[in-house]
Amino acid sequence: MGASTPGLGITGEPFGALPDGTPVERYELVNGQGMCVRILTYGGIVQSLEVPDRDGGPGNVALGFATLDGYLSDEYTAAAPFFGAIIGRYGNRIGGARFTLDGTEHRLEANNGPNTLHGGGRGFDKRVWSASCARSEDAVALRLELTSPDGDGGFPGTLRTVVTYELTAAGELRIHYRATTDRPTVVNLTDHTYFNLAGEGSGDVYGHRVRLFASRYTPVDATLIPTGELAPVHGTPFDFTEARPIGERIRDGHPQMVLAQGYDHNFVLDRSGPGLVHAARVSEPTTGRVLDVHTTEPGVQFYTGNFLAGTLVGTGGSAYRQGDGFCLETQHFPDSPNKPQFPSTTLRPGQTYETTTIYAFSAD
């Protein structure tokens, strides 16, 4: 193997401790091209993500907190925004906080009205993961591991999970998810980073231009559970098949927009087979920053920070308000365990859950 790209590196440092004394570390990955991502062992949280603008100037484009205390505060727990975290065992919602698998009903914690959201009140976002580092010629990587015991949060099976963050010299943050189980279960892992390509704390993202490579979406009921329909986006505020500003139709009176107070919907990606597909492209006019998302998943949740209410003060000292960030959570569809017509999220012994998502940054 030849010499690695100059400037590529990964280092770790203490980042406080949980109330029970469990230490938390922060790892810094740099690519030698102006990108720097900082990741916590607590929740696998992407705490900050510095990306150059069109003039080469760095800016943190991920919402988060300067200290661990921010992620442990009562205000954060009450708001439950899941800033930057690994989401599991099941990303998004499961209706009625229950599902039936192989004839057995499994009851989960209802932490979002009558539903389970993001694995329940103590999902993977609130666990300390074990960490190890790796590097290659053109990338550095942080490997995080967690074992979730049988019955954790009501989910069956001991789930062994590995999530690897890889930062490349080409400006990509690659996230690889892998999991195995000893009993039939359901699993749907994702990343919950809130992006603002103009810079964290700079205001709302409504001027960002978004294109989603999805001609259908999954409408939801009053508790944001999919109805089961795969509805066309054409003629609705959900049509991002051509690039449009986020804010162009966010206050549209469409019933689905009213229910979610903006965008908080799963989009069905257009794909002709397995493998990576282009899911989204987002550009920010003032800085020139561009984010392209590729994934092996069938869907992506486009969320526009609708429930940020000014109660949380972020890394740069600004209060986060509605619309100050957006998420592109690659995933299987919400409530799939209760929707047999959706792509299956069932994982059985002997099988391996494996998905990849790439966040690729550039500047125009």
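## Strand E17 and its partners

In this predicted model, Val 210 of strand E17 has Arg 244 as its bridge partner in strand E20. The two strands run antiparallel and are joined by 2 bridges, with E20 covering residues 244-245. E17 also pairs with strand E22 (residues 277-283), again in the antiparallel sense and over 4 bridges, and here the bridge partner of Arg 211 is Arg 281.

In a regular strand the side chains alternate between the two faces of the sheet. Strand E17, which spans residues 209-212, has Val 210 and Leu 212 on a covered face, whereas Arg 209 and Arg 211 lie on an uncovered one.

## Phe 302 and the nonpolar cores

Both residues of that covered face, Val 210 and Leu 212, are in contact with Phe 302, whose other contacts beyond four places in sequence include Phe 240, Ile 246, Tyr 263, His 265, Phe 267 and Phe 326. Phe 302 is also, together with Leu 49 and Phe 361, one of the residues that touch the most other members of the largest nonpolar core, which holds 61 residues. A second, separate core has 22 residues, among them Leu 18, Leu 40, Tyr 71 and Ala 85.

## The five-stranded open sheet

An open sheet is formed by 5 strands in the order E19-E18-E21-E24-E27, with antiparallel pairing. Strands E19 (231-232) and E27 (327-331) stand at the edges, and each has a single partner strand, so one side of each is left without a neighbour in the sheet.

Within this sheet, strand E18 (residues 216-218) pairs with strand E21 (residues 264-268) over 3 antiparallel bridges. The bridge partner of Tyr 217 in E21 is Phe 267, a residue that is also in contact with Phe 302.

Notes:
Residues numbered from 1 in each chain as written. Predicted model: local features only at pLDDT ≥ 70, side-chain atom pairs only at ≥ 80, totals over all residues. Heavy atoms only, no water. Core = buried A, V, L, I, M, F, W, Y, C linked by side-chain atoms within 4.5 Å. Buried < 20%, exposed > 50% of the residue type's maximum accessible area, 1.4 Å probe, protein only. Contact = heavy atoms within 4.5 Å. Pairing = 2+ DSSP bridges.
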